[in-house]
Amino acid sequence: ANRAELMAFTATALAGPGRVGMLHVDLDRFKDINDTHGHSAGDAILVHIAAALLTVLRPGDLAARLGGDEFVICCPDIPSLDALRAIGDRLAQAINQPVLWQDRWLTCSASIGADLAPAGDTSVEGLFQRSDFALYEAKKAGRDQMAAYDEAVHQRHAAQQELGADLTTAVRTGTLTFMFQPIL
């Protein structure tokens, strides 16, 4: 599916009675595979990812490819964050399997961000954004792992946004000064 279909599907799922989870998946070092072996090697990895998704997702889940190596999975009627993590863990294991391409074994891993929408939440963008924040936490922690969105992730993100806004204001108003101290 594409982004529009994902967003429509997620909106419908959020309007339903069950909880909705989202997994934000980004392939680690996918660009290196394309740069080293060519785009046909990257295509072989993408076919491998599609097969991994088919084996792991439950009936009723939807996977969307948003960009070159970015995928988002919407899991409606998921009972808990642990159940969502279990899907993410199985997906990571499937992705980590080596791929035979032109007599070479290619390996790929994925960083995964997970979020479970709070009960009654109908914000598609909120769920998407929180799973994306969790993805960056997984990447920041060293890649090839999964991170779930929680209050600590929220606090770090809010602090980074506040610092960015403060720095932008300081530059705009001329209140940011630089001091240099020579070291001899």
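This is a dialogue about reading a predicted model, in which a student asks about its features one by one.

Student: Let us begin with the sheet: how many strands does the open sheet have, and in what order do they come?

Tutor: Since this is a predicted model, what I say describes the model. The open sheet has five strands, arranged in the order S2-S3-S1-S6-S7, and their pairing is mixed. At its edges are strand S2 (62-65) and strand S7 (146-148), each of which pairs on one side only. On average, and with direction ignored, neighbouring strands of this sheet are turned by 20° against each other.

Student: How many bridges join S1 to strand S3, and which way do the two run?

Tutor: Strand S3, made of residues 70-76, is joined to S1 by seven bridges, and the two strands run antiparallel. Within this pairing, Gly21 has Cys75 in S3 as its bridge partner. Helix H3 (residues 39-56) packs on the sheet, where it touches S1, S2 and S3, and the direction of H3 makes about 10° with that of S3.

Student: You mentioned Cys75; how many disulfides does a search of the whole structure find?

Tutor: A search of the whole structure finds zero disulfides. A pair of cysteine sulfur atoms has to lie within 2.5 Å to count as one. For Cys74 the closest cysteine sulfur is that of Cys75, and because the distance is 6.6 Å, the two are too far apart for a bond. Both residues are buried, with a relative accessibility of 0% for Cys74 and 0% for Cys75.

Student: Turning to helices, how should I read the way residues point around one, and which residues of H2 are buried?

Tutor: The general idea is that an α-helix has 3.6 residues a turn, so residues three or four places apart point the same way. In H2, the buried residues are Phe30, Ile33 and Asn34. Seen down the axis of H2, these buried residues fall within an arc of 95°, so they line one face of the helix. The face turned away from that buried side carries the exposed residues Lys31, Asp35 and Thr36. Among the elements that cover the buried residues of H2 are S1, H3 and S5.

Student: What is the phi of the residue that follows H2, and where else should I look for positive values?

Tutor: H2 is followed by Gly38, whose phi is positive, near 100°. Positive phi is also found in residues other than glycine, and one of them is Arg29, with a value near 60°. Arg29 lies in the loop between strand S1 (20-28) and helix H2 (30-37), and its relative accessibility of 48% makes it partly exposed. Another is Asp103, which has a positive phi of about 65° although it is not a glycine. Asp103 is in the loop between strand S4 (99-101) and strand S5 (104-106), and it counts as exposed, at 77% relative accessibility.

Student: Finally, is Asp115 buried or exposed, and what does its side chain contact?

Tutor: A residue counts as buried when its relative accessible area is under 20%. Asp115, which has its place in strand S6 (residues 109-116), is therefore buried, because its relative accessible area is 4%. The side chain of Asp115 makes a polar contact with the side chain of Arg130, at 2.6 Å. Leaving aside residues up to four places away in sequence, Asp115 touches several others, including Val20, Gly21, Met22, Leu84 and Tyr149.

Technical notes. Residues numbered from 1 in each chain as written. Predicted model: local features only at pLDDT ≥ 70, side-chain atom pairs only at ≥ 80, totals over all residues. Heavy atoms only, no water. Helix = DSSP H or I, 4+ residues; strand = E, 2+ residues; numbered from the N terminus. Buried < 20%, exposed > 50% of the residue type's maximum accessible area, 1.4 Å probe, protein only. Polar contact = N/O pair within 3.5 Å; in protein donor to acceptor, adjacent residues only side chain to side chain. Contact = heavy atoms within 4.5 Å. Pairing = 2+ DSSP bridges. Axes fitted to C-alpha atoms, helices over the stretch in contact; angles between N-to-C directions. Arc of directions from axis to C-beta.
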